[in-house]
Amino acid sequence: MYRIASASEYLVITGAGISDIKIAKKSWILPGQSCKIFDVSPVNYTFEVQAMSAEKLPFVLPAVFTIGPRIDDENSLLRYAKLISPHDKLSHHVKELVQGVIEGETRVLAASMTMEEVFKGTKEFKEEVFEKVQLELNQFGLLIYNANVKQLVDVPGHEYFSYLGQKTQMEAANQAKVDVAEARMKGEVGAKIREGQTMQNEAKIDAETKIISTQRQGEGKKEEIRVKTAVKVFENQREAEVAEANADLAKKKAGWAKEAQVAEVEATKAVALREAELQKEVEIMNALTRTEKLKAEFLSKASVEYETKQREAEGLLALAQAQGAYLRTLLDAVGGNYAALRDYMMINSGMFQEIARINGEAVRGLEPKISIWSSGSAGEAVEGSGGGGNAMKEVAGIYKMLPPLFKTVHEQTGMLPPAWMGSISDS
């Protein structure tokens, strides 16, 4: 007879010609041989394993194991066919066998762990149980296809997991409160940060606006200074032209005044002329001193005003250039004669007029003294005795005139006659 097993079944053949057993999906059944069909589909086994932790706290571990024969290994399939297949997979015998293995390994593993470890490490606990039970089931040719460990259950009178759950619930609630408070704090801090950033951005924008406004004002002032400088240069040029015309007129007037003054000075005495010349040199030195002082003042003023965006300095520079051009124009007008330029500057500053005034004051203060001397009348000469006597009278008259002459010279000039000519008395 030819027998064929279904997809989830195998044939177990024993008898004549077979030393142990034979497993096949299809085969001829010869006389003297016995054939039995067994199902290899896995079966679910539900258990509630009572165990005790390392603290000697009992608990219940509900579990569901899906177990079936290992069909991928021939030796395992042979062991299953010999040991398990003679019994029904759902029989009490097979269930007790599987439950005994699972309970034994679970109790041993739980006894080495604390309740906290069992509770927190459910996944690790499941894996440990799975490995230990699988090692024991290998000898029966069985394979754990799936293992599902349910929530741990308290044993009546030992409500550890209940209290632990309440603790966990309270911790979760407290953590939620902390999270809410922290979120509220982050929101308030974030709002303050955003508000501060807004104020910083506003201040930054205001500063940038002020900088741009200041730059625009600086550019406007720069243009205003440039225009004023150009106008000042033009005015200086016009003033230079007017000054040049006035210089020609003043030069002619100075020539005429000079001739009159020279004639007046030449009419004075040598002492007054010398005094005027000395006074002239003094005035020249004073004029040069004033000129240097003015230069120092202009230089100091230019140094002080240099920091005012250097625009007024440019105006002063233009003015100085205009004055330099004015002096160069005057110097070119007099043919490069520095002495003539100096005379013009002295005339323009009123120095010659001052010299004339001083000379006039000097002459006015001389107060000359006039003495009249007489050697006798003409009638006395006629009445004398002879011509020789008249000649001697003339000589005597000359000698009589010398003392008052020397005295007058001394009074006017301070000069004394030579010692050999005599001395002047105080009377």
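Glu-223 pairs with Arg-226 in a salt bridge, with the closest N and O atoms 2.5 Å apart. The model is predicted. Both residues sit in helix 5, three residues apart, about one turn of the helix. Glu-223 is partly exposed, because its relative accessible area is 40%.

**Salt bridges along helix 5**

How many salt bridges are there by the rule used here? The count comes to six. Among them is the pair of Glu-241 and Arg-238, whose side chains meet at 3.0 Å, N to O. These two also lie in helix 5, three residues apart, about one turn of the helix. Glu-241 is partly exposed, at 44% relative accessibility. Arg-238 is partly exposed too, at 45%.

Another of the bridges joins Lys-186 to Glu-182. Its closest N and O atoms are 3.5 Å apart. Here the spacing is four residues, about one turn of the helix, and both partners belong to helix 5 (residues 160-267). Is Lys-186 buried or exposed? Lys-186 counts as exposed, because its relative accessibility is 54% and the cut-off for exposed is over 50%. Its partner Glu-182 is partly exposed, with a relative accessible area of 34%.

| Salt bridge | Closest N to O distance |
|---|---|
| Glu-223 and Arg-226 | 2.5 Å |
| Glu-241 and Arg-238 | 3.0 Å |
| Lys-186 and Glu-182 | 3.5 Å |

**A negative patch**

Which residues form the negative surface patch? They are Glu-124, Glu-127, Glu-128 and Glu-131. Glu-127 is placed in helix 4 (residues 122-137). Its relative accessible area is 41%, so Glu-127 is partly exposed. That value also fits the patch, because patch residues need over 30% relative accessible area.

**The nonpolar core**

Nonpolar side chains tend to be buried together in soluble globular proteins. In this model, the largest nonpolar core has 37 residues. Phe-38, Phe-65, Ile-67, Val-98 and Ile-102 have the most contacts inside it. Several elements give two or more residues to this core. The strands are strand 2 (9-15), strand 6 (43-52), strand 7 (58-69) and strand 8 (142-149). The helices are helix 1 (74-83), helix 2 (92-111), helix 3 (115-120) and helix 4. Which helix gives the most to this core? Helix 2 does, with six residues.

Helix 4 thus appears in two settings: it holds Glu-127, and it gives two or more residues to the core.

Conventions: Residues are numbered from 1 along each chain as its sequence is written. This is a predicted model: local features need pLDDT of at least 70, side-chain atom pairs count only at pLDDT 80 or more; totals for chains, interfaces and linings use all residues. Side-chain values use heavy atoms; hydrogens and water are left out. Patches are made of residues with over 30% relative accessible area and no salt bridge: like charges are joined within 9 Å, nonpolar side chains (Val, Leu, Ile, Met, Phe, Trp, Tyr) within 5 Å. Accessible areas come from the Shrake-Rupley method with a 1.4 Å probe; for residues, only the protein chains shown count as cover. A salt bridge is a side-chain nitrogen of Lys or Arg within 4 Å of a carboxyl oxygen of Asp or Glu. Lys and Arg count as positive and Asp and Glu as negative; His and the chain ends are not counted. The place of a charge is taken as NZ of Lys, CZ of Arg, CG of Asp or CD of Glu. Buried means under 20% relative accessible area, exposed over 50%, partly exposed in between (1.4 Å probe, protein chains only). A nonpolar core is a set of buried Ala, Val, Leu, Ile, Met, Phe, Trp, Tyr and Cys residues joined through side-chain atoms within 4.5 Å.
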